[in-house]
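Biologist: I am new to this structure, and I would like to understand how its descriptive terms are earned. Could we put it on the screen and go through the terms one at a time?

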Amino acid sequence: MVVPIFGAAGVALDISQAMEVKADLQQAADAAVLSAVAKMSAHVEAARKMSGDGAIVLPDDEAMNFFKSDAVGRNDFEVESVDVSVEKVGNVVQAAVAFQATVNTSLTRILGKQFVTVSGKATAKYETEMFSDFYLLLDNTPSMGVGATPSDVATLVANTSDKCAFACHIVKDGVADQNSYYFKAKKLGVTTRINVVAKATASLMDTAVATRKNVNQYRMAVYTFGEKAEDTKLLEVSPLSADLANAKKKAADIDLMSIPSQGYNNDQMTDFDRAMTQIADKIGKPGNGASSATPDKVVFFVSDGVGDSYKPTGCTKKLNGGRCQEPIDTKLCTALKNKGYRIAVLYTTYLPLPTNDWYNTWISPFQSQIGSKMQECASPGLYFEVSPTEGISDAMSALFKRIITSPRLTS
């Protein structure tokens with residue numbers, strides 16, 4: 001009975017090992033087809049001008065080489081075959097990589113089986129004139145009232161009795177407090193992060209207009225986390241529309257979320273989970289981008305990456321009562337991507353505030369994780385970090401151009 005028992009155990013172990021090899025090779029295949037299509041997307045005009053459909057020959061068999069280089073690192077399998085194809089059909093450049101490999105067995109050899117065969121396939125495409133709907137989700141919560149540059153932060157800290165770096169916008173019963181730091185910042189000539197984001201969003205519309213080949217190629221919708229802290233639901237600044245001139249006007253007026261008083265609701269106004277959930281309800285079914293009737297769907301998320309909300313269960317960091325202060329919880333990002341949406345993330349670097357006791361106690365311990373979590377939220381290749389000394393407008397335009405030229409896995 002020893003042989004059947006060890007054989008059965010060996011089958012389980014060897015199948016598990018084979019699945020690990022297949023997963024590694026599948027990742028290599030995914031990377032290979034993206035590399036192949038990206039190579040063609042770098043020559044968009046050449047792809048557009050091809051007179052007809054047909055196969056495209058990649059110099060030096062790039063996809064094949066990429067696959068082989070990415071698949072190294074294990075010595076428990078042999079790649080038996082790799083088939084690579086790249087072709088243009090209409091406005092679509094598509095690459096495919098199919099592979100087959102044999103994985104050496106261990107205990108299964110007792111039963112006379114020397115190897116297990118695994119196979120897989122990956123395809124990716126790049127559409128030279130993709131139609132896309134963009135849903136801009138802009139963080140306008142009180143933390144975005146921080147000075148836009150270290151100089152702005154220093155100016156506000158030096159001119160407030162409690163050395164506060166945030167230009168809190170206090171509005172009670174519809175009446176703005178003219179003595180709040182929001183107005184002090186304006187008098188001091190301090191530019192806040194939300195001011196820069198609003199300007200950059202408006203400028204993005206000009207980039208889209210200058211880039212599009214068809215008046216309906218890009219549609220934009222703009223959302224913030226809310227107008228006031230008493231009602232922190234997703235606020236539609238501009239509905240989905242190809243009228244980008246009108247979207248530009250509305251985006252330019254985006255302002256900081258107001259609060260009725262200092263410390264209102266324990267400052268729990270940055271609820272990423274709620275924003276991601278609510279915007280998913282606005283988007284609709286994603287298309288393949290081939291026409292205005294089937295647009296690709298993109299969430300364009302701009303934030304400093306720190307959540308602050310009432311989340312007594314599921315918080316990834318230490319709770320303060322029910323208050324959860326954490327880097328973005330990427331489970332919601334994953335849920336959106338699993339629905340077929342792409343997520344582009346512009347991380348406006350969260351500035352350390354060493355003079356602020358709250359920052360030192362609650363945020364500083366995970367400061368180093370904020371950027372990496374924002375990058376994890378983004379779809380592959382669609383992450384951009386912009387520091388306070390860099391131009392957010394340029395960064396938003398650069399990320400937009402990356403989105404419209406980024407190849408996508410199709411299987």
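Biologist: Why is Lys-311 called buried?

Modeller: Lys-311 has a relative accessible area of 9%, and buried means under 20%, exposed means over 50%, and partly exposed lies in between, with a 1.4 Å probe and only protein chains considered. Lys-311 is therefore called buried, since 9% falls under the limit of 20%. Please keep in mind that this is a predicted model, in which local features need pLDDT of at least 70 and side-chain atom pairs count only at pLDDT 80 or more, whereas totals for chains, interfaces and linings use all residues. Residues are numbered from 1 along each chain as its sequence is written, and side-chain values use heavy atoms, with hydrogens and water left out.

Biologist: What makes the contact between Lys-311 and Asp-329 a salt bridge?

Modeller: The N to O distance between the two side chains is 3.2 Å, and a salt bridge requires a side-chain nitrogen of Lys or Arg within 4 Å of a carboxyl oxygen of Asp or Glu, so the pair of Lys-311 and Asp-329 qualifies. The two partners come from distant parts of the chain, 18 residues apart, with Lys-311 in the loop between strand 11 and strand 12 (319–320) and Asp-329 in the loop between strand 13 and helix 9 (331–338). The helices and strands named here are DSSP runs numbered from the N terminus, a helix being H or I over at least four residues and a strand being E over at least two.

Biologist: Which other residue forms a salt bridge with Asp-329, and how do you know?

Modeller: Lys-331 does, with its closest N atom 2.7 Å from an O atom of Asp-329, a distance that satisfies the limit given above. Asp-329 is buried because its relative accessible area is 8%, whereas Lys-331 is exposed because its value is 53%. Salt bridges that share partners join Asp-273, Lys-311, Glu-326, Asp-329 and Lys-331 into one network.

Biologist: How many salt bridges does a search of the whole structure find?

Modeller: The search finds eleven. One of them joins the side chains of Arg-323 and Asp-308, at 2.6 Å from N to O. This pair also links distant parts of the chain, as Arg-323 belongs to strand 13 (residues 323–327) and Asp-308 to strand 11 (residues 306–310), 15 residues apart. Both Arg-323 and Asp-308 are buried.

Biologist: What makes Asp-173, Glu-227, Glu-230 and Asp-231 a patch of negative charge?

Modeller: These four residues gather on the surface, and a patch is made of residues with over 30% relative accessible area and no salt bridge, like charges being joined within 9 Å and nonpolar side chains (Val, Leu, Ile, Met, Phe, Trp, Tyr) within 5 Å. Asp and Glu count as negative, so the sign of the patch follows from its members. Glu-227 is exposed, because its relative accessible area is 57%, and Asp-231 is partly exposed, because its value is 35%. Both values are over the 30% that a patch requires. Asp-231 is found in the loop between strand 8 (218–224) and strand 9 (235–241), and Glu-227 has its place in the loop between strand 8 and strand 9.

Biologist: How do you know that Asn-140 and Phe-225 make a polar contact?

Modeller: A polar atom of the Asn-140 side chain lies 3.1 Å from the backbone nitrogen of Phe-225. A polar contact is a pair of N or O atoms within 3.5 Å, where within protein one must be able to donate a hydrogen and the other to accept it, and residues adjacent in sequence count only if both atoms are side-chain atoms. The distance of 3.1 Å is therefore within the limit. Asn-140 is found in the loop between strand 5 (132–138) and helix 4 (150–158), and it is buried because its relative accessible area is 2%.

Biologist: What is notable about the phi of Asn-266?

Modeller: Asn-266 has a positive phi of about 60° although it is not a glycine. Most residues other than glycine have a negative phi. Asp-267 likewise has a positive phi, near 60°. Asn-266 lies in the loop between helix 7 (244–252) and helix 8 (272–283), and it is partly exposed because its relative accessible area is 37%.

Terms used
Accessible areas come from the Shrake-Rupley method with a 1.4 Å probe; for residues, only the protein chains shown count as cover. The place of a charge is taken as NZ of Lys, CZ of Arg, CG of Asp or CD of Glu.
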